[in-house]
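Dear colleague,

I am passing on the structure we spoke about, and I would be glad if you could look through it before reading my notes below.

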Amino acid sequence: MSELVFFSGTMDCGKSTLALQIEHNRTARGLQGLIFTRDDRAGEGKLSSRLGLVTDAVEAGPGLDLYGYVVERLSRGGRVDYVIVDEAQFLLSGQIDQLARVVDDLELDVFAFGITTDFRTRLFPGSQRLIELADRLETLQVEAMCWCGARATHNARTVGGEMVVEGEQVVVGDVARSAAEVGYEVLCRRHHRRRMTSAAARAAALSPDVLPVTAT
Ligand SMILES: Nc1ncnc2c1ncn2[C@@H]1O[C@H](COP(=O)(O)OP(=O)(O)O)[C@@H](O)[C@H]1O
Ligand SMILES: Cc1cn([C@H]2C[C@H](O)[C@@H](COP(=O)(O)O)O2)c(=O)[nH]c1=O
C-alpha cells in the first residue's frame with residue numbers, strides 16, 4: 001500500500017540528506033523518482049544537503065499542481081515510481097492535498113520532508129496539512145542539539161545576531177554562524193521561550209551581573 005510520509009524535524013537535522021539517501025537507494029534498484037522542492041538555499045530547482053550533496057528537482061512554486069504534474073509526466077510515457085518533496089513546509093495546503101491524491105489515485109509513495117514550525121513556533125501551512133493528512137509521521141533520528149546540550153525542538157531566527165519573534169514567515173536562510181543579516185539557530189523549547197541563543201548565553205555568562213559570588 002502506498003503512503004504519504006512526512007519526515008519532520010528542526011532545521012539542520014538531516015532531512016535533505018535523508019531525502020537524497022532515499023533517492024539514491026531507490027535509483028540504485030532501478031526505480032525512477034520525481035523530486036519536488038521549493039525555495040532551497042542552493043537555488044531554484046535544487047535539493048541540497050549540508051553534507052555537500054545536491055540534485056536537480058522540480059521547483060514546486062505556488063502555481064504548480066503537483067498531482068497534475070505527475071499525471072502529465074505519466075501520460076507522456078514518463079516513468080514515476082515514487083515522489084520526494086523537500087522543503088514541504090513551504091507548499092500550499094492545497095498542494096499537500098494534491099500529494100495525497102498522488103498516493104491514493106496513482107498509488108505512488110510520497111516522501112515529504114520539512115520543518116514543522118517557524119521561528120515563532122507556529123505551524124507552516126504545508127506542515128499543518130501534512131500532519132493532518134499523512135499516513136505516517138517520522139521524526140528524524142539524528143537530533144539537532146541546542147547549545148545547552150538538550151534536544152533542539154524549535155527554530156529561532158536571528159537578525160543581526162539578535163533573536164526575533166516577529167517578521168515574515170518565510171525568509172530563506174541557514175544556521176551557519178556567520179554575521180549574515182538573517183540567520184537561524186535551533187534551540188530547545190526552554191531556551192526558545194527565554195530567547196536565549198548561544199550568543200546570548202555567552203554574553204550572559206560573561207556579564208559581571210551573573211558572575212558567581214565566592215565566599216571569603
Ligand atoms: N561537516 C559535517 N560533517 C558531518 N556531518 C555534517 C557536517 N555538516 C553537516 N552535517 C550533518 O548534516 C546535517 C544537516 O543535514 P541537512 O540534510 O542539510 O539538514 P536539513 O535538511 O534537516 O536542514 C547536520 O545535522 C549534521 O548531522
Ligand atoms: C524557521 C524558519 C525557517 N525558514 C527557512 C530557512 C531555510 O531556508 C528553510 C529550512 O531549511 P532546512 O533545510 O530545514 O534547514 O526554511 C523560514 O523561511 N522561516 C522560518 O521561520
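Where is T10 found, in terms of strand 1 and helix 1? In this predicted model, T10 belongs to the loop that runs between strand 1, residues 4–9, and helix 1, residues 15–28.

T10 is also one of the positions to which UniProt, in an unreviewed entry, assigns the feature "binding site"; the record lists G9, T10, M11, D12, C13, G14, K15 and S16, together with D86, E87, A88 and Q89. Among these, M11, D12, C13, G14, K15, S16, D86, E87 and Q89 are included in the lining of the largest pocket, and that pocket is where ligand 2 sits.

Turning to the ligand itself, there are 20 residues around ligand 2, of which K15, R50, F119, Q169 and V171 come nearest. By class, this shell is made up of nine nonpolar, four polar and seven charged residues.

Three polar contacts may be useful to you when you inspect the site. In the side chain of K15, which is also among the positions in the UniProt record, an N or O atom lies 2.8 Å from an oxygen atom of ligand 2. For F119, a polar backbone atom is 2.8 Å from an oxygen atom of the ligand, and for V171, a backbone N or O atom is likewise placed 2.8 Å from an oxygen atom of ligand 2. On its own, ligand 2 has 490 Å² of accessible area, and the protein covers 99% of it.

With best regards

Key:
Residues numbered from 1 in each chain as written. Chains lettered and ligands numbered in written order. Predicted model: local features only at pLDDT ≥ 70, side-chain atom pairs only at ≥ 80, totals over all residues. Heavy atoms only, no water. Near = heavy atom within 4 Å. Polar contact = N/O pair within 3.5 Å; in protein donor to acceptor, adjacent residues only side chain to side chain. Areas by Shrake-Rupley, 256 points an atom, 1.4 Å probe, with all protein chains shown as cover. 1 Å grid on protein atoms, 1.4 Å probe; cavity = no way out; pocket = protein on both sides within 12 Å on 5 of 7 lines; lining within 4 Å. Sits in = over half its atoms within 2 Å of the grid points. Nonpolar A, V, L, I, M, F, W, Y, C, P; charged D, E, K, R; others polar. UniProt positions renumbered as here; feature names shortened; annotations may be inferred. Helix = DSSP H or I, 4+ residues; strand = E, 2+ residues; numbered from the N terminus.
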